[in-house]
Amino acid sequence: MTGLQRSVYTVLAVLAFVPAAHAADALNGKNLYLNGPTSGGTSCASCHGPSPAANVNGILAAANTPSVITSAFSANKGGMGTLFNGKFTTAEIADLAAFIGNPTVTAAPAAAVNPASLSFAASTIGQSASPLATTLSNTGNAALNVGTLTLSGAAAGDYAVSGGTCANGTSLAAGANCTVQVTFKPTASGARGASLVIAHNATGGSSTVALSGTGNVVAQATVALSANAIDFGALVASVASPAKSITVNNTGQAALTFSSIAVGGANAGVFTLGGTCATATAVPAGGSCTVTVTANSSANGAFSGNLSLGSNASNGVVTVALSGSVAAPAPAVKASPSAVAFGTQTIGAPAATQTVTLANTGNVALTLNGIAVSGASTVTIASKTCGTTLDVGANCTVTLAFAPAASGTAAATLAVTSNAAPLQVSISGTGTTAPAAKPALSEAGPVAFADTQVGKSAATHTITLSNGGTAALKVASLVLDGAQASDFELKGTCATNVSVAASSSCTIDVGFKPTAAGQRAATLVLMTDAGNQFTVEIKGTGVAVPVPMLTVNPQSFDFGAADVNGTSPTHRITLANTGANAATVTAATFTGPYALQADTGACAAVPFTLQPGASCDLVVRFTPVGAGDAAGSLALTADGGGAWNVALTGKGNVQTAQAPQNAGGGGCSSIKDGNDPVLALLVVLSFGVLGWRRFGKKEVK
């Protein structure tokens with residue numbers, strides 16, 4: 001083999017072990033920079049501004065250089081390691097570096113609608129079904145500009161765009177969306193089809209949503225469900241779940257009879273049904289029954305199915321989506337924070353303390369075999385609430401103390417051994433003889449908010465940061481981290497770059513406003529300029545807005561004929577709350593010559609609340625303003641969704657003046673009995689005229 005051949009083979013051998021280069025995606029890097037890790041948490045933009053081009057905190061040093069970002073994470077520069085270690089893949093870090101190097105990267109919009117069809121509940125002619133909405137999403141990477149919203153098709157007049165956030169001129173950023181709400185009010189019986197067309201600047205120029213509904217001419221039953229889906233969450237293999245319940249309400253005006261109550265779908269055999277709903281038992285108008293569902297699977301992984309209720313209801317077959325997941329028994333433990341930084345502490349001062357929370361994140365009980373600190377002897381366990389076992393979802397705390405005896409850094413490790421994988425928490429601190437700040441939080445957490453309805457705010461919780469040291473401190477970073485961080489907010493006098501003098505304090509006001517139902521959690525992360533780090537777990541539960549269950553009787557009324565400018569007739573419309581939650585009527589809107597009539601025995605002024613099982617009357621007044629038919633409606637809306645429409649009709653009648661009767665022969669009197677005073681007056685006048693004429697003749701002579 002010649003020297004040249006050996007050189008060629010050597011180069012090929014080396015290249016065989018060189019990993020393939022990642023083609024960095026600046027657009028994906030832009031998304032990660034602006035929105036944070038895909039698993040949730042603080043975004044890069046929160047510290048470096050909306051564009052890397054501004055070079056806030058020297059971020060341009062990482063332009064097309066992933067190693068700069070990796071080094072910053074490893075060094076926990078500005079707390080970045082705490083926020084981002086383990087949350088970005090190597091490829092994602094390369095994408096971030098590519099975006100920092102090309103912050104003006106652009107792309108094209110793409111449009112998607114979901115759902116692509118809206119099927120409205122069958123409704124009596126002249127009455128409105130509950131509105132439905134579709135979501136237009138920009139799945140591209142450039143602004144999606146919305147154009148006109150139009151309705152087309154044979155029954156387009158039965159539909160109307162009634163709300164939503166999409167409108168002509170709306171611009172959707174990449175990843176954003178808007179909604180279009182449509183109402184259905186049939187003008188004839190039978191199937192009524194149409195289409196909603198949304199114009200935009202994406203490929204194709206428009207998106208179409210199919211609309212369907214049925215007009216009914218007779219009173220029917222209507223099914224309303226307390227929930228449209230059941231999520232059983234994470235279950236342990238071969239262990240039955242707690243029973244979940246769905247309430248089926250008949251909000252129509254006829255008895256509801258079931259033709260079938262069954263479970264279908266890919267994993268139908270996982271589910272078992274129970275409850276009071278049955279094919280042999282009718283549910284009267286305004287009544288309800290329940291269906292209970294239990295899940296039990298021996299196979300690991302996700303499972304799904306659907307509960308199907310067939311009946312004579314106007315909205316036909318209704319379904320409830322069923323889902324959950326199953327895993328083999330797996331213990332797991334998590335520490336928060338994952339690293340403890342005591343910062344600089346004065347030698348000889350009382351020990352500084354920080355608390356680590358251990359949580360059982362597995363699906364079986366955790367057996368704790370040992371909790372100990374190794375490394376620097378100046379770091380010790382001050383106290384702990386952990387026993388030998390920890391239930392699923394439970395947590396306990398370990399309080400660490402640091403009392404430096406000499407200048408310089410100290411390092412230690414908190415080790416937790418259990419039936420889960422070993423867990424280690426790194427601990428660091430620095431001793432000094434110089435004056436030093438001594439930050440402390442008024443509580444270590446977790447902070448638990450009261451259950452709060454989605455879209456509403458819980459009472460603010462205040463945490464105090466105090467400085468018990470001999471030097472001032474500065475808040476280097478104060479942020480919220482976690483998948484649901486956007487459900488929480490920080491206010492108060494503590495903020496990034498705020499200084500706290502010795503023996504002084506500032507406050508952190510934590511707010512909670514859930515955007516979805518279920519458990520919501522985040523982590524408050526505070527760093528000081530001396531390297532102190534504090535984390536506080538924050539959690540709360542979002543409660544779904546109760547679906548209002550109201551019946552309206554009657555659903556249409558004809559006032560008949562009424563005189564214009566006469567006495568206005570009234571009629572009482574009865575509202576009844578047939579659900580299990582209080583229902584708040586937020587608006588009562590009229591069209592046509594109709595209005596609410598004040599009445600001491602009627603419903604309270606809008607808005608008003610009806611408790612479960614309660615009812616009241618709305619007194620409606622008809623005041624015609626002209627002759628002829630007068631059509632109108634009463635539209636009711638309730639907090640939490642739901643709309644009801646009462647069709648109103650009537651006829652205006654105009655009184656005409658009575659024509660004089662020529663019963664007296666001369667057209668001057670209608671008196672028939674000979675006692676007409678007009679006749680006597682005419683006789684006197686006639687004698688006067690004759691006398692005047694005779695007097696006039698004598699004067700002439």
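Here is a short chat between a student and a tutor about a predicted model of a protein chain.

Student: Let's start broad. How many helices and strands does the protein chain have?

Tutor: The count is 7 helices and 46 strands. The chain has 701 residues, and 37% of them count as buried. Its accessible surface is about 34100 Å², with 55% of that belonging to carbon and sulfur atoms.

Student: What makes Y159 buried rather than exposed?

Tutor: Buried means under 20% relative accessible area. Y159 has 5%, so Y159 counts as buried.

Student: And F184, buried or exposed?

Tutor: Relative accessibility is 0% for F184, which is under the 20% limit, so F184 is buried.

Student: Why is the pair of Y159 and F184 called stacked?

Tutor: Two values matter here. Ring centres have to lie within 6.5 Å to pair, and planes under 30 degrees apart count as stacked. The centres of Y159 and F184 are 4.9 Å apart and the planes are at 25 degrees, so both conditions are met and the pair is stacked.

Student: Where in the chain do these two rings sit?

Tutor: Y159 is in strand β6 (residues 159-164) and F184 is in strand β8 (residues 177-184), 25 residues apart, so to speak of distant parts of the chain is fair.

Student: Now F449 and F488. Why is that pair called tilted?

Tutor: The centres are 6.2 Å apart, which is within 6.5 Å, so the rings pair. The planes stand at 45 degrees, neither under 30 nor over 60, so the pair is tilted. F449 lies in the loop between β29 (447-448) and β30 (452-453), and F488 lies in strand β33 (residues 488-491).

Student: How do you know that F449 and F488 are buried?

Tutor: Check each against the 20% limit. F449 comes to 9% and F488 to 6%, so both are buried.

Student: How many aromatic pairs are there by this rule?

Tutor: The count comes to 18. Ring pairs also link F557, F559, Y594 and F622 into a cluster.

Student: Let's move to helix α6. What makes its length close to the expected value?

Tutor: Helix α6 (residues 90-101) has 12 residues, and the expected span uses 1.5 Å times one less than that number, which gives the 16 Å quoted. From first C-alpha to last, α6 reaches 17 Å, close to that expectation.

Student: Why is α6 called mostly covered?

Tutor: Because 9 of its 12 residues are buried, that is, under 20% relative accessible area. Among them are I93, L96, F99 and I100. What covers the buried residues includes α2 (26-35) and α4 (66-74).

Student: How do you know that β5 pairs with β7?

Tutor: Pairing needs at least two bridges. Strand β5 (residues 144-152) and strand β7 (residues 171-172) have 2 bridges, so they pair, in the antiparallel sense. N145 stands opposite S171 in β7. Strand β5 is also joined to strand β9 (residues 190-200) by 5 bridges, again antiparallel, with L149 opposite I198.

Student: What makes β11 and β15 edge strands?

Tutor: Look at the open sheet of 4 strands, in the order β11-β13-β16-β15, with antiparallel pairing. β11 (223-225) and β15 (271-275) each pair on one side only, and they are the edge strands. Within this sheet, 6 bridges join β13 (residues 244-250) to β16 (residues 288-295), and T292 in β16 is the bridge partner of S245.

Definitions and conventions
Residues numbered from 1 in each chain as written. Predicted model: local features only at pLDDT ≥ 70, side-chain atom pairs only at ≥ 80, totals over all residues. Heavy atoms only, no water. Buried < 20%, exposed > 50% of the residue type's maximum accessible area, 1.4 Å probe, protein only. Areas by Shrake-Rupley, 256 points an atom, 1.4 Å probe, with all protein chains shown as cover. Contact = heavy atoms within 4.5 Å. Phe/Tyr/Trp six-rings, centres within 6.5 Å; stacked < 30°, edge-to-face > 60°.
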